[in-house]
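Got your viewer open? Let's take a walk through this one together, stop by stop.

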Amino acid sequence: MRIDVVTIFPEFFSVLDVSLLGKARQSGLIDIRVHDLRGFTHDRHRTVDDTPTGGGAGMVMKPEPWGEALDTILAGTADAVVVFPTPAGELFRQPVARELADAPHLVFCCGRYEGIDQRVVDHTRTRPEVAAVRELSLGDYVLNGGEVAAMAIIEAAGRLVPGMVGNPESLVEESHEDGLLEYPSYTKPAVWRELETPPVLLSGNHAAIAAWRREQQLERTRRIRPELLRD
Ligand code: ADE
């Protein structure tokens, strides 16, 4: 999988060198390239923002550097997905992570300030033969920019790329894969600070363990995220 990231803070993405994603990068499974948006400006101050048309607070990212960056990155590509992290986007959930994991090429456009001029998104949408467009929100809160959101999305999608996670079974039995929260996990010792591990887990009865875990998933989901049972 190839991943391009466009940002005014390329240094944010040095964390992608560690952990499982770092290993996947080293092995060539994932090819991540980070681009400085200011490299696509042509004025002395390398300007990337301007005041909002129509008035209002804050600054908006100018379309021209984004257009050049996307033209460069998408040249010769046919099946990219261009992701714009934004609190105004569709909610990023596990099924979207699975869709992104299937794409051979992801491009993340990390906006700052009040966001990117909407025409950058709209223009990219006029080229479906080159790329699909997704405006994605991590949740109902506002971050300072798209960088942290892009990293979360890269990690969530990247770990679903075949070959990424050591044990593929651990992907099946986790929160959200079946639309429910995950059951609680325990390891040794069986008693810790006077707290016991649920006895069924020590019984060796695999059917009973599976039934208990399922019940825990349902109980947790009902208590913490009841809306998941209605969706
Ligand atoms: N950029 C700023 N806030 C965001 C959010 N909640 N999700 C995705 N991108 C964002």
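**First stop: a glycine in a loop**

Select Gly139 to begin: it counts as exposed because it has 11 C-beta neighbours inside 10 Å, and a residue with 12 or fewer falls in that class. Keep in mind as you click around that this is a predicted model. Gly139 sits in the loop between β7 and α5 (147-158). Asp140 is in the loop between β7 and α5 too. Is Asp140 buried or exposed? With 7 other C-beta atoms within 10 Å, Asp140 is exposed.

**Next: the ligand**

Now show the ligand and select what is around it. You should pick up Pro85, Thr86, Pro87, Ser137, Leu138, Gly139, Tyr141, Val142, Leu143, Gly146 and Ala149. Try colouring this shell by residue type: you get seven nonpolar residues, four polar ones and no charged ones. Which element gives the largest share of the shell? That would be β5, with three residues.

For a second selection, turn to the UniProt record. Its unreviewed entry puts the feature "binding site" at Gly111, Leu138, Gly139, Asp140, Tyr141, Val142 and Leu143.

**Then: strand β5 and its partners**

Select residues 80-91 to light up β5. On one pairing, β5 runs parallel to β7 (residues 131-137), with eight bridges between them. To see a spot where they face each other, click Val83 and look for Arg134 in β7 opposite.

β5 also pairs with β6 (residues 105-109), again in the parallel sense, over four bridges. Here, click Ala80 and find His105 of β6 standing opposite. Add helix α3 (residues 94-101) to your selection, and together β5, α3 and β6 form a right-handed β-α-β unit.

**Last stop: strand β1**

From β6, step across to β1, since these two pair in the parallel sense over five bridges. Asp4 has Val107 in β6 as its bridge partner.

Why is β1 largely enclosed by the rest of the structure? Select residues 2-7 and check: five of the six residues are buried, so the strand is largely enclosed. β1 runs parallel to β2 (residues 31-36) as well, joined by six bridges. For a landmark, pick Thr7, which stands opposite Asp36 in β2. To follow the chain from β1 to β2, go through helix α1 (residues 19-27); this β-α-β crossover is right-handed.

Note on methods
Residues are numbered from 1 along each chain as its sequence is written. This is a predicted model: local features need pLDDT of at least 70, side-chain atom pairs count only at pLDDT 80 or more; totals for chains, interfaces and linings use all residues. Two strands pair if DSSP finds at least two bridges between them. A crossover is right-handed if, with the strands pointing away from the viewer, the path from the first strand over the helix to the second runs clockwise. A residue is buried if 20 or more other C-beta atoms lie within 10 Å of its own, exposed if 12 or fewer, and partly exposed in between; C-beta atoms are placed from the backbone. A residue is near a molecule or strand if its C-beta atom, placed from the backbone, lies within 6 Å of it. Ala, Val, Leu, Ile, Met, Phe, Trp, Tyr, Cys and Pro count as nonpolar, Asp, Glu, Lys and Arg as charged, and the others, Gly among them, as polar. UniProt positions are given in the numbering used here, feature names are shortened, and annotations may be inferred rather than shown by experiment.
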